[in-house]
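Q: Please examine one part of this structure closely, namely a single strand and its pairing partners. Please then set that part beside the salt bridges found elsewhere in the chain.

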Amino acid sequence: MFIDFAYSNKRQYGIKNETMAEIQESLPDLINATHRQSLRALFLEHEVTMISSYHWRNSAPWHLPWRKCPDSFFLFPMQGHVRVTLETGSTTIKPGEFLMLPDNTGHALELTGKFSWLHQFALHCHIHDRWGRPFLSRIPTPFGKLRARAEWEQRLKEITCLMSQDLAMGQQRGEALLKELLASQLSNGPILTPLPPAGDPRVSVILEKMDRDLASPDLSIETLARGVKITATQLRKLFRRETGVGPQHFLHTLRLRKAARLLRHTTASIKEVAAECGFSSDHYFHLAFRKGHGSTPSEYRKNSMTEV
């Protein structure tokens, strides 16, 4: 295919030959449909929130007893081998490999082999879709590989330093790093498992209405129950059985999560954010946000405005 340069572009680049043309060559499609869907899920359907990043130097013997983290957990050994015990069994990871566990996954860790020291990076974060479902639960294996170990070690050092010196910058840089890491795993790794099949269809209707009418302060358990023709008491039992939490708690969490997203990524005023998320008053919004995020909406936005 031949494309003539526009005259303005010729002048801009100092091209004098009016008949000069360039050949545009098509590139092979390096991203198949399945890979494209996985990347879409990561970048467009999930939000990454960085919590912490630490570098540990542990001497033998060292072990971490069985625990469950409320957030997603990444572990990168840089020196020494770590035996990872999960409910499904035990596996040893070594430098160049890493562990990635979704929320509330039970695990125990231990320095193994003839190693006297363990150097490791540990990252905690949230990677959730709009319903709060963790992205890592869709990756079939909790173990990944670093293709450029030295380069990733340097990046992890930078993130850890930034998190301790400038939290807002470290969080944004860490979130970008985690997306890059996961995209790299998806490009040559496992296909995302499909989301679990929907349970009671009435819960799906309720979730969609929550998301659609989130800005309405009149959205209540009673109106949601009427929408699926059950009582408020029946809805509470049904919702807790299907999701593990009560509908009011879930709705409140959705509002806080959306408020944080708007504060981080838009210039809407605090009053506009409160209204967009369905809080009945600015005062209630401030109280709820401070309780949920540990800072006022203004403080949260200020800490998130650092350029990366």
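A: In this predicted model, strand S5 and strand S10 (residues 117-128) run antiparallel and are joined by 7 bridges. Within that pairing, Phe76 has Phe121 of S10 as its bridge partner. S5 also pairs with strand S8 (residues 97-101), again in the antiparallel sense, over 3 bridges. In S8, Leu99 is the residue that stands opposite Leu75. Strand S5 covers residues 72-79, and because 7 of its 8 residues are buried, the strand is largely enclosed by the rest of the structure.

The salt bridges give a second view of how parts of the chain are connected. The structure holds 13 of them.

One of these joins the side chains of Arg261 and Glu47, with an N to O distance of 3.3 Å. This pair links distant parts of the chain, since Arg261 belongs to helix H8 (residues 247-265) and Glu47 to strand S3 (residues 47-59), 214 residues apart. The two partners can be described by their accessibility. Arg261 has 36% relative accessibility and therefore counts as partly exposed. Glu47, at 18% relative accessibility, falls under the 20% cut-off and so counts as buried.

A further salt bridge is formed by the side chains of Arg155 and Glu180, at 2.6 Å from N to O. Arg155 lies in helix H3 (residues 149-165) and Glu180 in helix H4 (residues 167-188), so this contact ties together parts that are 25 residues apart in sequence. Arg155 counts as buried because its relative accessibility is 18%. Glu180, with a relative accessible area of 36%, is partly exposed. Both residues also take part in a network of salt bridges that links Glu151, Arg155 and Glu180.

Between helices H7 and H6 there is also a salt bridge, in which the side chains of Arg236 and Glu222 meet at 3.9 Å, N to O. Here Arg236 is in helix H7 (residues 232-243) and Glu222 is in helix H6 (residues 221-227), and the pair, 14 residues apart, links distant parts of the chain. Arg236 has a relative accessible area of 38% and is therefore partly exposed. Glu222 likewise counts as partly exposed, at 38% relative accessibility.

To return to the strand requested, S5 is joined to S10 by 7 bridges and to S8 by 3 bridges, and 7 of the 8 residues of S5 are buried.

Technical notes. Residues numbered from 1 in each chain as written. Predicted model: local features only at pLDDT ≥ 70, side-chain atom pairs only at ≥ 80, totals over all residues. Heavy atoms only, no water. Salt bridge = Lys/Arg side-chain N within 4 Å of Asp/Glu carboxyl O. Helix = DSSP H or I, 4+ residues; strand = E, 2+ residues; numbered from the N terminus. Buried < 20%, exposed > 50% of the residue type's maximum accessible area, 1.4 Å probe, protein only. Pairing = 2+ DSSP bridges.
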